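Here's an informal walk through a two-chain model. Have the structure open and follow along.

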Amino acid sequence: MKLGHAIMALQAICGREINKFVRQRGRLFSALVRPALWLFVFAVGFQNVLGISIMEPYDTYIVYQVYIVPGLLGIILLFNGMQSSLAMVYDREMGLMRLLLTSPLPRWYLLLMKLIAGTVLSVIQAYAFLILCAIFQIELPWSGWFYALPALILGAMMLGAIGLALSVYIKQLENFAGTMNFVIFPMFFVSSALYPLWKLEDAGADILHLLAMYNPFTHVVQLIRFAFYGQFNSTSFGVVTFCLIVFFSLAVWGYDPQRGMTLRKGKPG
Amino acid sequence: MNQNNHSYKSSHPVLQVSSVSKSYGKRKALDEITMQINASEFVALLGPNGAGKTTLFQLLTGLFVADNGSIIIQDFDIRHHAVRALAGIGIVFQQATLDLDLTIGANLRLHTNLHGINKKESQNRIHKELERLDLIARINDTVRSLSGGNKRKVELARALLHQPGLLLMDEASIGLDPASRQSLVNYVRELCSDRNVAVLWATHLVDEVEHADKVVVLNHGKLLADTTPEQLINQTDTAGIHEAFLKLTNNKQENREISA
């Protein structure tokens, strides 16, 4: 594979995803409504119940709306990552996936292009949400907008890789509802997105605490949270990077016609 | 060979399929298939539904891998050199693979980018192909607005943009009216003589294969015939391809029932 060819193909795939995103005008709106409801309804109602004490990376007391923002950025990345898997299933059903898979490019690179394209969209939506936060005067450090970028990219890639791996196993679009119930919601609720993990420990919910500790989404949220304050959370970085490699490898394996699950999906004809 | 021009000049067959088998669980979809296609040959792959045509196409396009046997496309084994082998084939799938909301031009540019064809060359080729197919005036129309026949033409144009040596047409005429079907067959037939392209045309519509250089008949995953239309008619002692095909596939069915 030549570098020029690789770049040209990447531009084409990213361009197509962005073009689709622009065409689907309600998509940005609906991507923002979900976290906005959490921020301006849930967080406002619960700010006194879920007050946050001083804890890393914060060096002072913060209001609940500030605490919840990294978690909501995470949910934007998570939803878009899963939506990318939905797009893969749609593309497969509509035959567009065949066009990609029969292109003269290595299979891993085709999947990487899809992952990068999804990541670009995720990050665009995350920054659109940050603009919304700024408009409603949620006090976040401006420098965090810059520091959080690598964390958002890495987090979006890892969550997108989960979506890619799932798309190997999801045969029909209808199964996306199952993804919502069994992947997105558990990952979101059993994480540090809505409350710090010590609250679970204090409540004696040891199993939930353990699950949250090992939930990759927790580490995406923590990576973003720390990055916002110019701090590097090495544990979360390690977990997110490790999970990215594992899930992307699973996706490449799944889409490999010599070894993967796609072999078992074939039907005679 | 030019990076973006894969028309085949070698004396070797453009496609060589040797003892290829493929099973899905206990069901054998293809059983020891051997065939070959030379440059500028129009080969019709004929078989009833479930004969194994689609499975064969999936193996030829690298979407699946054969359980055993080998598939060599323009000197590259698709199992070991999939990228190089895929660079030399153009494919029109049975199922539409165009993005309906993109324009014709955008769909074709997506393809040329995936094949690494630079912008200027891409524009030239897109214009030439669309002119040949009388679609140049509609380059900025969305694919959704096209008729079924024109959508097929766009898919054909796309399959030819990287100048492949082998064109795979997987029941590409399905859903077209008789006139559009005939026009598509004639155009593809001309490609063989004018551009030296080898064509494998899968169909279950017998009238599309009357002027083929060779007819390959598949039934229940087995190769029943690989010969010229005239020889097929002679061998089966029938009056035409349609009867020959029916006799061949029905006999096979009867034999299967007897042996069972």
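A disulfide here means a pair of cysteine sulfur atoms within 2.5 Å. By that rule, the count over all chains is 0 disulfides. Keep in mind that this is a predicted model. Two cysteines are still worth a look: Cys243(A) is buried because its relative accessible area, 11%, falls under the 20% cut-off. Cys192(B) counts as buried too, with a relative accessibility of 1%.

**Chain A**

Chain A is a helical affair, with 12 helices and 0 strands. Of its 269 residues, 55% count as buried. Take the contacts in chain A with a separation of 6 or more: 77% of them come from residues 24 or more positions apart.

For a single-residue view, try Val44(A), which sits in helix H2 (residues 25–46) of chain A. Is Val44(A) buried or exposed? Neither, really: Val44(A) counts as partly exposed, because its relative accessibility of 39% lies between the 20% and 50% cut-offs. Leaving aside residues up to four places away in sequence, Val44(A) touches Leu39(A) and Gln65(A). Tyr64(A) is 20 residues away from Val44(A) along the chain, and their C-alpha atoms are 7.9 Å apart.

**The sheet in chain B**

Over in chain B, 6 strands make an open sheet with mixed pairing, in the order E6-E7-E8-E3-E9-E10. Strand E6 (89–92) and strand E10 (222–227) of chain B are the edges, each pairing on one side only. From one strand to the next, the twist averages 15 degrees.

Here are some of the strand pairings:

| Strands | Bridges | Direction |
|---|---|---|
| E7(B) and E8(B) | 5 bridges | parallel |
| E3(B) and E9(B) | 4 bridges | parallel |
| E9(B) and E10(B) | 5 bridges | antiparallel |

To find these pairings on screen, look for Asp170(B), which stands opposite Ala202(B) in E8(B). Val43(B) likewise stands opposite Lys214(B) in E9(B), and Asn219(B) has Lys222(B) in E10(B) as its bridge partner. The hairpin of E9(B) and E10(B) has 2 residues between the strands, and His220(B) there takes a positive phi near 50 degrees.

Why is E9(B) largely enclosed by the rest of the structure? Because 6 of the 6 residues of E9(B) are buried. That covers both faces: Lys214(B), Val216(B) and Leu218(B) are buried on one side, and Val215(B), Val217(B) and Asn219(B) on the other.

Two helices that lie across the sheet strands are also worth finding. Helix H5 (residues 148–160) of chain B lies across E6 and E7 of chain B, at about 170 degrees to E6(B). Helix H7 (residues 229–236) of chain B lies across E9 and E10 of chain B, running at about 115 degrees to E10(B).

**Where the chains meet**

At the interface, 39 residues of chain B are in contact with 33 residues of chain A. Between them the two chains bury about 3000 Å², with 64% of it on carbon and sulfur atoms. On the chain B side, Leu63(B), Leu110(B) and Leu114(B) lose the most area to chain A, together 20% of what that side buries.

How many salt bridges are there between chain B and chain A? The count is 2 salt bridges. One salt bridge pairs Arg23(A) with Asp99(B), and the closest N and O atoms are 3.7 Å apart.

Notes:
Residues are numbered from 1 along each chain as its sequence is written. Chains are lettered from A and ligands numbered from 1 in the order in which they are written. This is a predicted model: local features need pLDDT of at least 70, side-chain atom pairs count only at pLDDT 80 or more; totals for chains, interfaces and linings use all residues. Side-chain values use heavy atoms; hydrogens and water are left out. Two strands pair if DSSP finds at least two bridges between them. Axes are lines fitted to C-alpha atoms, for helices over the stretch in contact, and angles run from 0 to 180 degrees between N-to-C directions. Contact means heavy atoms within 4.5 Å. Buried means under 20% relative accessible area, exposed over 50%, partly exposed in between (1.4 Å probe, protein chains only). Buried area is the accessible area (1.4 Å probe) that two parts lose on being put together, summed over both. A salt bridge is a side-chain nitrogen of Lys or Arg within 4 Å of a carboxyl oxygen of Asp or Glu.
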